[in-house]
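Biologist: I should be grateful for a close look at one single part of this model and at whatever surrounds it. Please treat that part in one connected account.

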Amino acid sequence: MAEVEPKQKKASGRQCCICNQRRAVLKRPKTLEQICRECFYAVFEDEIHRVIVDNQLFKPGERIAIGASGGKDSTVLAYVLSELNRRHKYGLDLFLLSVDEGITGYRDDSLETVKRNEIQYGLPLKVVSYKDLYGWTMDEIVKMIGLKNNCTFCGVFRRQALDRGAALLKVDKLVTGHNADDIAETVLLNILRGDIARLSRCTSITTGEDGPIPRCKPFKYTYEKEIVMYAYFKRLDYFSTECIYSPNAYRGFAREFIKDLERIRPRAILDIIKSGEDFRISTSTKMPEQGTCERCGYISSQKWCKACVLLEGLNRGLPKLGIGRSRGLNGHKKDIEQINQMNNIQSKPCGSLDF
Amino acid sequence: MQLTLEFGGGLELLCQSVKIHKVNVDLQAGKEKLTMRDLLSWVRTNLIKERPEMFMKGESVRPGVLVLINDCDWELSGQLDTTLVEKDVIVFISTLHGG
Ligand SMILES: [Zn+2]
Ligand SMILES: [Zn+2]
Ligand SMILES: [Zn+2]
């Protein structure tokens, strides 16, 4: 008789404001609605479907690679996208694409997660490794250059590795798990750095249409809180250890600031994205003309692409080449500036995918 | 009071990589109920072994840490003022790791 049911008791007060039947389990940051688990699944998936349809992200018959790191965002993306593909008959061939940077105790563990996802979701997986592509693992690079600039390598190499993996899979597009919080953070960083050209571009849902492989972000308007709640309720299997080489303190502060704002006013995240979108620069900031790298054939506005400049430094034992203020191999100061910019726009620390 | 605490999304690393903790938390002297505010300060003292700033900010969890009480978002039950009862299950998940 003393056996009370605390769970029921506490829950009885709050009902889902969508179905008015079940108990609410979540307060949506976007709308402040209180909703139940079933309605949450429905609105979460429908909103992503709407974003895909409204922005015409895919065409029937396309082959799509999902950049998969084993982390929460890409795991939920793989799950939801294969679900929507079935439900709404997008007619897509989906693949998982992972980059193995060669980080012991981090990437090898997260790759195990991706391999489980391959089986759980029935999506073929392709792994491309730094070792195979560049002859160096991240561990070896860090041993050589120390912890200071390793994110430059990570960012430049990963971007190219994903493009090369996508080419091997012969896919039409690459989708990444960047969420609304990530994009708000990048908008803020671009403002803090005075990088107006990147400011409006970083909010585009599809980028790189002129490059080898367009990239798009179906989670552009999806809150991180909801992604994590979705993964939790669905018991999705993801990997959540911070990369051991992620010293990007500046970005860390921006992240913290966004999270503080979100607590006070959750809509702040969508508003920051909106601000970024509305920053259309009237001056025609000229983007560098695209050619190809003389050495590896990757797109590059310079003689050599960034990865090749960095690699040359590593291979010649001059790892500072292409980083910071040191002189570039091509002797072009522009090169260096570009690499610095590359470093600047690098999104989340190692282990997650960047723009 | 017997409670089950679960740490995820990387927070388990702050408590010796143990995800699930069955704990017994006593009411503070002179109080007749246990709130989330009390529990957080108890967790900080008794479970968090390193980098407490990854878990807490001020008297609450750090923004970006989600809290569920019996699988229900604590934003629906009054956050710090939520009163806990015997056998409640409290889950803490960091959203701040990886992507
Ligand atoms: Zn409902
Ligand atoms: Zn990095
Ligand atoms: Zn090259």
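Modeller: What follows takes one helix, α2 of chain A, and then turns to its surroundings. The model is predicted, so local features require pLDDT of at least 70 and side-chain atom pairs pLDDT 80 or more, whereas totals for chains, interfaces and linings use all residues. Residues are numbered from 1 along each chain as its sequence is written, chains are lettered from A and ligands numbered from 1 in written order, and side-chain values use heavy atoms, without hydrogens and water.

Helix α2 of chain A covers residues 37–54 (helices are DSSP runs of H or I, at least four residues; strands are runs of E, at least two; both are numbered from the N terminus). Its 18 residues should span 26 Å at 1.5 Å a residue, and its end C-alpha atoms do lie 26 Å apart, which agrees (the expected span is 1.5 Å times one less than the number of residues). After the helix comes Gln56(A), whose phi is positive, near 45°.

The buried residues of α2(A) are Cys39(A), Phe40(A), Tyr41(A), Val43(A), Phe44(A), Glu45(A), Ile48(A), His49(A), Val51(A) and Ile52(A) (buried is under 20% relative accessible area, exposed over 50%, partly exposed in between, with a 1.4 Å probe and protein chains only). Among the elements that cover these residues are β1 (26–27), β2 (34–35), α3 (72–87) and α10 (224–233) of chain A.

Cys39(A) also connects the helix to a metal site. The zinc ion (ligand 1) has as protein donors the SG atoms of Cys16(A), Cys19(A), Cys36(A) and Cys39(A), 2.2 to 2.3 Å away (donors are N, O and S atoms within 2.8 Å of the metal, or 3.2 Å for Na, K and Ca; water is absent, so sites may look incomplete). The angles among these four donor atoms run from 101 to 115°, and the site is tetrahedral (four donors with all angles between 85 and 135 degrees). Along the chain the donor residues follow the spacing C-x2-C-x16-C-x2-C. Cys19(A) lies in the loop between α1 (6–11) and β1 of chain A while Cys39(A) lies in helix α2, so the pair ties together parts that are 20 residues apart in sequence. Cys19(A) counts as buried at 19% relative accessibility, and Cys39(A) counts as buried at 9%.

The helix also contributes to the largest nonpolar core, which holds 51 residues (buried Ala, Val, Leu, Ile, Met, Phe, Trp, Tyr and Cys joined through side-chain atoms within 4.5 Å). Phe40(A), Phe58(A), Ile66(A), Val76(A) and Tyr230(A) touch the most other members. Two or more residues each come from α2, β3 (63–67), α3, β4 (93–100), α4 (107–121) and α10 of chain A, and from β6 (65–69) and β9 (89–94) of chain B. The largest share, eight residues, belongs to α2(A). In soluble globular proteins, nonpolar side chains tend to be buried together.

Val76(A) shows how this core is joined. Leaving aside residues up to four places away in sequence, Val76(A) touches Phe44(A), Phe219(A), Ile227(A), Tyr230(A), Ala231(A) and Leu236(A) (contact means heavy atoms within 4.5 Å). Another core, of 36 residues, lies apart from the largest one and includes Ala65(A), Ile141(A), Ala307(A) and Cys308(A).

Definitions and conventions. Four donors count as tetrahedral if all angles lie between 85 and 135 degrees; four count as square planar and six as octahedral if opposite donors are over 155 degrees apart and all others between 65 and 115; anything else is irregular.
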